[in-house]
Amino acid sequence: MKYYIVIPSHNEEKFISLTLESLVQQTVLPSKVVVVNDNSTDRTEEIVKAFAEKHPWISLVNKTSEAIHLPGSKVIQAFHKGLETIDENYDIIVKADADLIFPANYFETILNHFKSDDTIGMAGGFAYIEKNGDWILENLTDKDHIRGAFKAYRKACFKQIGGLRPAMGWDTVDELLCKFYNWKVVTDERLIVKHLKPTGANYNKASRYKQGEAFYTLGYGFFITGIASLKLAMRKGKPLLFLDYIKGFWKAKSERKPLLVTEEQAKFIRKYRWKKMKEKLF
């Protein structure tokens, strides 16, 4: 199976070489890696070019956008820019961040999952962060969820869900739509990906409200949003974030923000979320 990787990047000179080196060391190499340099003001472009000279399957695409970081929209717009440059001769498409170190067998294992079952639409490992000299699980989500930092999609699944939405919540709606279209989502606890920059390191106050907006645009409704907001705030160790998330939800609702899904899909998502919650309680 052939897999392509698209890596959005902005001022990643500290980490991008580590990410690319870990890809060079894969037991099964990617057919293409496209790094999208999104308005970097550091040495990101220079570093990627140096790798591209040695490895012709690595390429650089430059993109100019606003410097402000808004989770979801900026990174997926950069991903789309990279997607425009590749052909359709892939079996698996991967969206990856520029601050990761993949284990050498990561993509060989991912491909084996896809080969084992034609109904698997997405697959991924787990993100670990360094704390006090140890690498520990970045425990922000349930273990059946693939982190947005490294998403691998079967082409047919990627096409059916309509690709990735340039909005916060993109890395949740993709999996929910997989479920809607009866694709399986597989996570592998053996695959430990080192996440060099903790999630949300660049988020500002407006970004916090965006999380509540994301819950609204996923079609959650208020009660599911309340539960999801409390759970996420507690996992981050910042209970007061709950209030920001709720404010973001009501702001999006009052402004009648468009949903990322259809009404039919939103109904399925709410039913699925309630089902998962009941399973954990009982």
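This is a short tour of a predicted model, going from its two domains to the contact between them and then to a cavity.

**Stop 1: the domains.** Select residues 3–195 and give them one colour; the domain assignment calls this stretch domain 1. Then select 206–279, which is domain 2. The centres of domain 1 and domain 2, taken over C-alpha atoms, are 24 Å apart. In the contact between these domains, 19 residues come from domain 1 and 20 residues from domain 2.

**Stop 2: the interface.** Turn the view to the place where the two colours meet. The size of an interface is often given as the accessible area lost when the parts come together. Here domain 1 and domain 2 bury about 1,700 Å² between them, and 66% of that area is on carbon and sulfur atoms. How many residue pairs are in polar contact across the interface of domain 1 and domain 2? The rule finds 3, with both residues of each pair at pLDDT 80 or more. On the side of domain 1 that touches domain 2, there are 10 nonpolar, 5 polar and 4 charged residues. The search for salt bridges across this interface gives 1.

**Stop 3: a salt bridge.** Show the side chains of K276 and D144 as sticks. K276 and D144 form a salt bridge, with 2.8 Å from N to O.

**Stop 4: the cavity.** Rolling a probe the size of a water molecule over the atoms shows where empty space is left. In the whole structure, 1 cavity of 30 Å³ or more turns up. The largest cavity holds about 60 Å³ of space. Select F126, L137, E138, T141 and R147: of the 11 lining residues, these are the closest to the centre of the largest cavity. The lining as a whole has 4 nonpolar, 3 polar and 4 charged residues.

Terms used. Residues numbered from 1 in each chain as written. Predicted model: local features only at pLDDT ≥ 70, side-chain atom pairs only at ≥ 80, totals over all residues. Heavy atoms only, no water. 1 Å grid on protein atoms, 1.4 Å probe; cavity = no way out; pocket = protein on both sides within 12 Å on 5 of 7 lines; lining within 4 Å. Points joined across faces, edges and corners; volume = space filled by probe spheres on them. Nonpolar A, V, L, I, M, F, W, Y, C, P; charged D, E, K, R; others polar. Domains from an automatic or database assignment. Contact = heavy atoms within 4.5 Å. Buried area = accessible area lost by both parts, 1.4 Å probe. Salt bridge = Lys/Arg side-chain N within 4 Å of Asp/Glu carboxyl O. Polar contact = N/O pair within 3.5 Å; in protein donor to acceptor, adjacent residues only side chain to side chain.
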